[in-house]
Amino acid sequence: IADARATAKLIALEPEAHVFTLGDNSNESGTAAQYADCYGATWGQFLDRTSASAGNHDYYADGATSYFAYFGRAAGPSGTGWYSYDLGGWHIVVLNAECDYVGGCGPGSPQDRWLVADLAAHPATCTLAYWHQPRFSSGAPGQATDVTYQWFWEDLYAFHADVVLNGHAHDYERFAPQTPSGKASPTGIREFVVGTGGAEQILLGTVQPNSEVRHTGTLGVLKLTLRASSYDWQFIPVAADGFTDAGSGTCH
């Protein structure tokens with residue numbers, strides 16, 4: 001709780017910011033008591049400006065029943081957990097990476113059909129998507145690159161998405177824009193892995209192609225400034241003199 005409280009203080013300094021969560025919202029097993037005692041006592045103060053995504057730990061206790069009950073509208077439709085919304089001029093897509101619970105994540109799955117229809121209906125200049133487990137990651141075994149989410153990338157790339165955010169790996173990593181096959185490309189999607197909200201940090205694993213920045217051992221939050229056709233990023237550490245990362249990108 002102390003670490004989650006420390007990162008929550010960073011969010012409190014940005015009272016106008018919209019909050020994304022990248023899953024595993026209240027370790028360890030996603031019980032109602034854990035959401036109330038851990039999340040509710042820290043990041044819960046921002047619930048009215050939060051849009052959550054589910055992680056594997058959110059499903060452990062009861063198949064995410066407590067997760068959907070706690071977050072309500074902030075988690076999208078109960079039982080599915082995928083949804084979208086607009087934020088400024090950006091279209092934001094939230095996906096559910098717990099594929100076994102929601103009918104799969106591959107081509108033709110209910111989530112895939114919804115994603116294609118949603119992207120087709122929202123041809124925004126800038127599109128951002130987030131879910132828990134990363135497609136690309138230099139994290140430790142069990143938190144590394146996972147081809148399960150290949151089709152998410154295929155769909156998003158086909159509709160010219162710009163940014164993907166993930167958690168799961170207990171570290172921070174930024175990738176250069178790349179295609180779904182992992183080829184660096186200026187028309188590709190830039191992925192950030194931000195598993196630094198409060199869980200214990202873990203050593204990195206095998207470095208993946210196109211990984212530009214990797215760091216573990218620092219808790220913090222990623223601040224994104226979403227502009228009309230571009231974005232800025234800044235990793236803000238709990239300690240003022242800690243690791244940071246900053247830059248900007250242009251939408252396709």
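**Figure 1. Glu-212 in this predicted model is a partly exposed residue that meets a buried partner.** Let's start with Glu-212, which has a relative accessible area of 42% and so counts as partly exposed. Its side chain meets that of Arg-174 in a salt bridge, with N and O 2.5 Å apart. Glu-212 sits in strand 9 (residues 211-215) and Arg-174 in strand 7 (residues 172-175), so you are looking at a link between distant parts of the chain, 38 residues apart. Arg-174 has a relative accessible area of 10%, which makes this residue buried. As a reminder for this view, side chains of opposite charge can pair when their charged atoms come close.

**Figure 2. Arg-174 also forms a salt bridge with Asp-245.** Find Arg-174 again, and look for the closest N and O atoms of this pair, which are 2.8 Å apart. Here strand 7, holding Arg-174, is linked to strand 12, holding Asp-245, and the two residues are 71 residues apart. Is each partner buried or exposed? Both Arg-174 and Asp-245 are buried.

**Figure 3. Glu-212 and Arg-190 meet in a salt bridge too.** The N to O distance in this pair is 3.0 Å. Arg-190 belongs to strand 8 (residues 190-194) and Glu-212 to strand 9, so the pair ties together parts that are 22 residues apart in sequence. With a relative accessibility of 9%, Arg-190 counts as buried. Now put the views together: salt bridges with shared partners join Arg-174, Arg-190, Glu-212 and Asp-245 into one network. A search of the whole structure finds five salt bridges.

**Figure 4. Strands 10, 11 and 12 form an open sheet.** The three strands lie in the order 10-11-12, and their pairing is antiparallel. Which strands are at the edges? They are strand 10 and strand 12 (245-250), each of which pairs on one side only. From one strand to the next, the twist averages 15°. Six bridges join strand 11 to strand 12. To get your bearings, look for Gln-234, which stands opposite Ala-246 in strand 12. Helix 1 packs on this sheet and touches strand 10 and strand 11, and the direction of the helix makes about 25° with that of strand 10.

**Figure 5. Helix 1 has its buried residues on the same side.** The buried residues here are Ala-4, Thr-7, Ala-8, Leu-10 and Ile-11. Why do they share a side of helix 1? Because they cover an arc of only 150° around the axis. On the other side of helix 1 you will find Ala-2 and Lys-9, which are exposed. The cover over the buried residues of this helix includes strand 1 (19-20), strand 10 (220-226) and strand 11 (230-237).

**Figure 6. The largest nonpolar core has 38 residues.** Those with the most contacts inside this core are Trp-43, Tyr-67, Phe-71, Trp-131 and Leu-156. Helix 1 (2-12), helix 2 (32-39), helix 3 (65-71), helix 4 (110-121) and helix 5 (150-158) each supply at least two of the core residues. Leaving aside neighbours within four places in sequence, Leu-156 is in contact with Leu-115, Leu-119, Ala-129, Trp-131, Ala-161, Val-164 and Ile-189. Apart from this core lies another one, of 22 residues, including Tyr-85, Val-163, Leu-165 and Val-194.

Definitions and conventions: Residues are numbered from 1 along each chain as its sequence is written. This is a predicted model: local features need pLDDT of at least 70, side-chain atom pairs count only at pLDDT 80 or more; totals for chains, interfaces and linings use all residues. Side-chain values use heavy atoms; hydrogens and water are left out. A nonpolar core is a set of buried Ala, Val, Leu, Ile, Met, Phe, Trp, Tyr and Cys residues joined through side-chain atoms within 4.5 Å. Buried means under 20% relative accessible area, exposed over 50%, partly exposed in between (1.4 Å probe, protein chains only). Helices (H or I, at least four residues) and strands (E, at least two) are DSSP runs, numbered from the N terminus. Contact means heavy atoms within 4.5 Å. The arc is that of the directions from the helix axis to the C-beta atoms. Two strands pair if DSSP finds at least two bridges between them. Axes are lines fitted to C-alpha atoms, for helices over the stretch in contact, and angles run from 0 to 180 degrees between N-to-C directions. A salt bridge is a side-chain nitrogen of Lys or Arg within 4 Å of a carboxyl oxygen of Asp or Glu.
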